[in-house]
Amino acid sequence: MKRLSLFVCNLLFIIALPTSAQRILSPDRLTYVDVRVDDGKALYSVGYRKVMKKDTVDVEMLEPSPLGLYSNIADFSRHLVLKSTEAKRIHNDYRLWQSKQSHVVNDYEQRCFTFETSRGKTFTVEFRVGNGDVAYRYLIPMQGETAAIVVTGEATGFTLPKFTTTFLSPQSTSMVGWKRTKPSYEEEYTPDEPLNTRSRYGQGYTFPCLFHVGERGWLQISETGLDGRYCGSHLSDAVDGRYLIAFPMEGENNGFGSTGAQFGLPGQTPWRTITLGQTLKPIVESTITWDVVEQLYEPNFTYKGGRSTWSWIIWQDPSIVYDDQVKFIDLAASLGWEYCLIDGGWETNIGRQRMEQLFTYCRQKGIHPFVWYNSNGGWNDAPQCAKNRMYSPIVRKQEMKWLRHHGVKGIKVDFFAGDKQETIKLYEQILSDANDYDIQVIFHGCTLPRGWERMYPNYVSSEAVLASENLVFSQHMDDMEGFNATLHPFCRNAVGSMEFGGTVLQRRLNRGNNGGTTRRVSDVFELGTAIAFQSSVQNFALTPMNLDPQVTPAFEIDFMRQVPTLWDETRLIDGYPGKYIVLARRNADRWYVCALNGQKQPLELNLVLPMLAGQKVTWLSDGADGKSPSAQQVTLDKKGTFRTSIPAECAVVLY
């Protein structure tokens with residue numbers, strides 16, 4: 001009790017609600033948003049309510065922060081008067097086949113605040129407040145006869161308490177990196193960094209942004225509902241704890257296109273989302289990304305998830321030849337997997353006629369191919385083909401017609417240009433056209449997906465992370481694999497499907513398993529990432545060599561034959577970003593639990609797994625030395641108690 005009293009006195013900011021503020025409470029009345037006008041500026045703050053005996057204490061997680069935007073028709077950030085408010089309850093009940101939860105049911109309290117400028121221009125801020133989640137966006141009506149708007153920037157901000165630490169990935173400078181393909185959301189995260197630290201390139205930080213608000217808890221900021229009517233945003237560097245919404249850089253898209261957005265009126269911006277709680281559990285389990293968006297078109301086909309082979313990730317460019325692709329089609333068939341990915345270079349190295357023969361071979365083997373494309377227009381110098389097939393709508397439709405005729409079920413489109421509205425339109429056009437031809441879409445070298453699993457039913461996933469190819473390119477990334485794998489479920493993968501391309505079961509990352517970079521994490525750790533990382537189609541890094549029991553123990557291959565990629569439920573059991581994670585996912589009536597230790601020292605865990613209580617399960621571990629992977633059967637007690645010691649960079653898997 002003494003410790004709790006000290007916590008209340010020293011760490012909780014007890015807020016006296018300003019008389020001018022209006023409060024929105026979540027359905028469980030434990031998450032709040034306060035909105036007010038101060039000196040002509042609209043402000044909001046966010047927190048949760050901590051119930052302690054007879055008292056309820058407000059725990060402020062986001063201090064008063066500005067709202068508003070700048071446009072060619074008005075400055076919607078100052079000289080504002082609140083004209084009206086409107087409230088209603090929003091009930092969600094929808095299916096989401098390709099993400100962390102298949103059936104979502106929840107409620108939000110909606111409050112719309114309509115403001116007027118000193119010149120009589122109006123706009124509305126629409127808030128939705130759920131249990132642990134907040135989303136808001138701007139609605140712009142017609143202004144008299146003005147039926148279009150150009151948004152040049154936003155006043156939108158997020159003010160964190162001064163003791164907050166950050167888990168952020170910097171926004172890259174534009175048109176840099178390999179063949180001028182950045183920004184592509186492929187920068188390293190820095191954990192527990194002090195607030196106000198300048199970003200590495202001085203361009204701010206990409207979404208999602210995770211914050212540790214001391215002993216008050218955790219908060220994540222992101223964006224959703226982005227389509228071709230707006231540009232993608234990110235956060236600026238912080239000044240005095242305040243981050244602002246930042247628009248794309250001039251140089252993105254090779255300097256072509258506006259950094260702002262234009263759309264017809266009435267219209268709206270994307271949603272900005274905030275998830276918060278005393279623990280990380282609300283952040284990992286949140287569905288806010290999809291709760292506030294709508295499906296934009298009907299699926300033209302019953303799209304399906306599954307496992308896929310991918311020659312390029314270990315065998316690299318020389319594998320994009322006919323005979324090697326046959327080997328990986330055979331590998332997929334022997335594993336009982338659904339897909340194979342034929343990567344860049346096929347148009348030159350294999351040719352269209354022999355590709356058609358490969359497609360026929362896939363059908364004979366019961367395997368569905370994905371085919372790689374360069375996104376190109378005028379914004380990258382990447383030499384890989386097939387080139388110039390996805391940018392032009394006329395050529396794109398011809399290409400997709402050819403793919404459908406030969407039974408191709410998916411495409412992977414790579415090397416995009418940034419977040420300008422011009423580029424966001426291209427993502428949407430590719431997805432929409434692909435749906436007309438029964439084709440699923442993966443994006444690489446790309447932006448963060450923002451609600452796209454629900455908006456576009458043939459969308460699969462996006463890279464938008466420093467993914468598995470970097471394990472091949474750099475020993476540094478192998479040395480950091482434990483850190484990154486235990487970070488992404490809390491950050492990048494918490495807000496959208498992540499096409500990482502992992503589960504490397506060779507110790508050396510080259511074709512012969514005898515050179516190149518060296519994997520540091522254990523076998524079972526790699527198996528655990530198949531659970532920890534979520535994408536409805538997973539391009540795994542297995543090679544034909546892995547079928548050799550001298551290379552890979554049989555029980556590991558047995559696990560890979562059955563591990564699902566579609567999940568009905570996700571629960572965070574325990575963890576800390578970049579150190580360890582214990583995550584449970586359910587497919588139908590079977591639970592899969594992974595406990596990944598990304599640290600350089602052992603980890604002791606005392607877990608309660610009620611979903612496995614009283615059940616006999618398979619227990620995969622790396623042995624006391626971390627180098628002796630094994631599988632055994634174990635029955636948990638009626639409470640689901642499980643105690644284990646996990647060596648450094650090792651893991652436990654239960655299923």
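A residue counts as buried when its relative accessible area is under 20%, as exposed over 50%, and as partly exposed in between. Keep that scale to hand as you click through this predicted model.

**Stop 1: helix α5**

Select residues 322-335, which make up helix α5. Within it, pick out Asp324: with 5% relative accessibility, this residue falls in the buried class. Now add Lys327, which sits three residues away in α5, about one turn of the helix. Lys327 is partly exposed, at 37%. Their side chains form a salt bridge, 3.7 Å from N to O.

**Stop 2: more charged pairs**

The pair you just saw belongs to a longer list: the structure has 31 salt bridges. Go next to Arg78 and Asp75, whose side chains come together at 2.9 Å, N to O. Colour them by accessibility and you will find Arg78 partly exposed at 43%, and Asp75 partly exposed at 28%.

Then select Glu294 and Arg454, joined by a salt bridge of 3.9 Å, N to O. Glu294 is in the loop between α3 (288-291) and β21 (306-310), while Arg454 belongs to helix α10 (residues 452-455), so this pair ties together parts that lie 160 residues apart in sequence. Is Glu294 buried or exposed? Glu294 is exposed, at 52% relative accessibility. Arg454, by contrast, is buried at 13%.

To finish this stop, show Glu154, Glu223, Arg272 and Arg450 together: salt bridges link these four into a network.

**Stop 3: a six-stranded sheet**

Move along to the open sheet whose six strands follow the order β28-β29-β30-β35-β32-β33, with antiparallel pairing. Look at the edges, where you will find β28 (569-576) and β33 (630-635); each has a single partner strand, so one side of each is left without a neighbour in the sheet. On average, neighbouring strands here are turned by 15° against each other, direction ignored.

Zoom in on β32 (residues 616-621) and β35 (residues 651-654), an antiparallel pair joined by two bridges. Which residue of β35 stands opposite Trp619? Select Leu654 to see that partner.

Now switch on two helices. Helix α14 (residues 523-532) lies across β29 (580-587), β30 (590-597), β32 and β35, and runs at about 125° to β30. Helix α15 (residues 554-562) lies across β30, β32, β33 and β35, also at about 125° to β30.

**Stop 4: a threonine in a loop**

Select Thr206, in the loop that connects β13 (190-194) and β14 (209-213). Although placed in a loop, Thr206 is buried, with 2% relative accessibility. What does Thr206 touch, leaving aside neighbours within four places in sequence? Show Ser169, Pro170, Gln171, Tyr185 and His234 to see these contacts.

**Stop 5: the cysteines**

How many disulfides does the structure hold? There are zero. Two cysteines let you check this by distance, bearing in mind that a disulfide needs sulfur atoms within 2.5 Å. Start with Cys362, which is buried at 0% relative accessibility. Its closest cysteine sulfur belongs to Cys340, and the gap is 3.9 Å, too far for a bond. End the tour at Cys446, buried with a relative accessible area of 2%. For Cys446 the closest cysteine sulfur is in Cys209, 17 Å away and therefore too far for a bond.

Terms used:
Residues are numbered from 1 along each chain as its sequence is written. This is a predicted model: local features need pLDDT of at least 70, side-chain atom pairs count only at pLDDT 80 or more; totals for chains, interfaces and linings use all residues. Side-chain values use heavy atoms; hydrogens and water are left out. Buried means under 20% relative accessible area, exposed over 50%, partly exposed in between (1.4 Å probe, protein chains only). Helices (H or I, at least four residues) and strands (E, at least two) are DSSP runs, numbered from the N terminus. Contact means heavy atoms within 4.5 Å. Two strands pair if DSSP finds at least two bridges between them. Axes are lines fitted to C-alpha atoms, for helices over the stretch in contact, and angles run from 0 to 180 degrees between N-to-C directions.
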